[in-house]
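Open the model in your viewer and keep the selection box handy. This tour goes from one selection to the next and says what is there each time.

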Amino acid sequence: MTTARREKSAPPIALLTDFGYRDHYVGVMKGVIAAIAPAAQVIDMTHGIPPQAIAAGAIALEQSWRYFPARTIFIAVVDPGVGTIGTPIAVESKAGARFIGPDNGLLRGAAEQAGIRRIVELRSPRYRLPEVSATFHGRDIFAPAAAHLWSGVRLASLGPELSAIVKPAEIFPGVSEKRNEITGSIVYTDGFGNLVTNIDRSCFERFASRFRGFRLSVRIGRSAPIEMRKTYGEADAGGSLATFGSFERLE
């Protein structure tokens, strides 16, 4: 009875990758999880992160984690340096969420929002597959670690503790007081064709508070100014607009 109640109330394992939907990589990761923790619920957050786009993956994870049940285990894999850089890590947060993935900046924004309690390197051979490839840590390291963590293994058992994790500078926009502008980057294009940037509403509002009474606009490269609007419907038919989406990013 105790085990049945635990399985029913146990949090899910959520997957976020840049693996796409054509190949078998995600299915193999799910197979590894099922072999270790067959009762675990696995949720596909997305596998459509642009290939090797760490900033896009980081922002997607940052925008999504809080909508999942407490103690959810997130496996995030966007790892262009797999096998060379980006130590495999797991993070336990004060909010309860656990994050597993490469130490390349992918986890940092979400982990900081959740409040970092403990970071460990995924080094213990006991909680990996017997053979670890240089190119598929999602299968050989991250999926087994998540499944064992879900099954009740303590985070500290997965490997030695670390003091900090990486935060890539490119996630954050730059503010130039001299030129009166914010310079951001387009981090991905969503399924509707919206160009989503790394400029969030709080950054924009701090900047805009200095220019009350002025009309602010957006430029992409050397394009003509694009007007700021509150909704898509305010734009002229066939025209373009800049607005803040449902996750408070300028797009």
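**Stop one: charged pairs**

Select Arg108 and Glu112: their side chains form a salt bridge, with 2.8 Å between the closest N and O atoms. Keep in mind throughout that you are viewing a predicted model. Both residues belong to helix H4 (residues 108–114), and because they are four residues apart, about one helical turn separates them. Is Arg108 buried or exposed? Arg108 is buried, at a relative accessible area of 17%, since the cut-off for buried is under 20%. Its partner Glu112 is partly exposed, with a relative accessible area of 37%.

Why can such pairs form at all? Side chains of opposite charge can pair when their charged atoms come close.

Next, select Glu92 and Arg118. Their side chains also meet in a salt bridge, at 2.8 Å from N to O. This pair links distant parts of the chain: Glu92 sits in strand E4 (residues 88–93) and Arg118 in strand E6 (residues 116–121), 26 residues apart. Switch on a surface and look at each end: Glu92 is buried, with a relative accessible area of 14%, while Arg118 is partly exposed at 29%.

Now move to Arg123 and Glu121, whose side chains meet in a salt bridge of 2.8 Å, N to O. Glu121 is buried, with a relative accessible area of 16%. Arg123 counts as partly exposed, because its relative accessibility is 47% and the partly exposed class runs up to 50%.

For a last charged group, select Arg201, Glu205 and Glu248 together. What links these three residues? They are joined in a network of salt bridges. How many salt bridges does the structure hold? The count is eight.

**Stop two: the largest pocket**

Centre the view on Ser217, Val218, Arg219, Ile220 and Leu250. Of the 35 residues that line the largest pocket, these are the closest to its centre. The volume of this pocket is about 940 Å³.

To see which elements contribute, colour strand E9 (181–183), strand E11 (195–197), helix H6 (201–208) and strand E12 (217–218): each supplies at least two residues of the lining. Which of them gives the most? That is E9, with three residues. Colouring the lining by class gives 18 nonpolar, twelve polar and five charged residues.

**Stop three: a nonpolar patch**

Stay with Ile220 and add Ile186 and Leu195 to the selection. Together, Ile186, Leu195 and Ile220 make a nonpolar surface patch of about 240 Å². Follow the backbone at Ile220 and you will find it in the loop between E12 and strand E13 (226–227). Ile220 counts as partly exposed, at 43% relative accessibility, and this is over the 30% required of a patch residue. So Ile220 appears twice on this tour: among the residues closest to the centre of the largest pocket, and as a member of the nonpolar patch.

**Stop four: the second largest pocket**

Finally, select Asp18, Phe19, Asp79, Val82 and Thr135. Among the 13 residues lining the second largest pocket, these lie nearest its centre. How much space lies in this pocket? It holds about 310 Å³. Colour its lining by class as before, and seven nonpolar, four polar and two charged residues come up.

Technical notes. Residues numbered from 1 in each chain as written. Predicted model: local features only at pLDDT ≥ 70, side-chain atom pairs only at ≥ 80, totals over all residues. Heavy atoms only, no water. 1 Å grid on protein atoms, 1.4 Å probe; cavity = no way out; pocket = protein on both sides within 12 Å on 5 of 7 lines; lining within 4 Å. Points joined across faces, edges and corners; volume = space filled by probe spheres on them. Nonpolar A, V, L, I, M, F, W, Y, C, P; charged D, E, K, R; others polar. Patch = residues over 30% accessible without salt bridge, like charges linked within 9 Å, V, L, I, M, F, W, Y side chains within 5 Å. Areas by Shrake-Rupley, 256 points an atom, 1.4 Å probe, with all protein chains shown as cover. Salt bridge = Lys/Arg side-chain N within 4 Å of Asp/Glu carboxyl O. Buried < 20%, exposed > 50% of the residue type's maximum accessible area, 1.4 Å probe, protein only.
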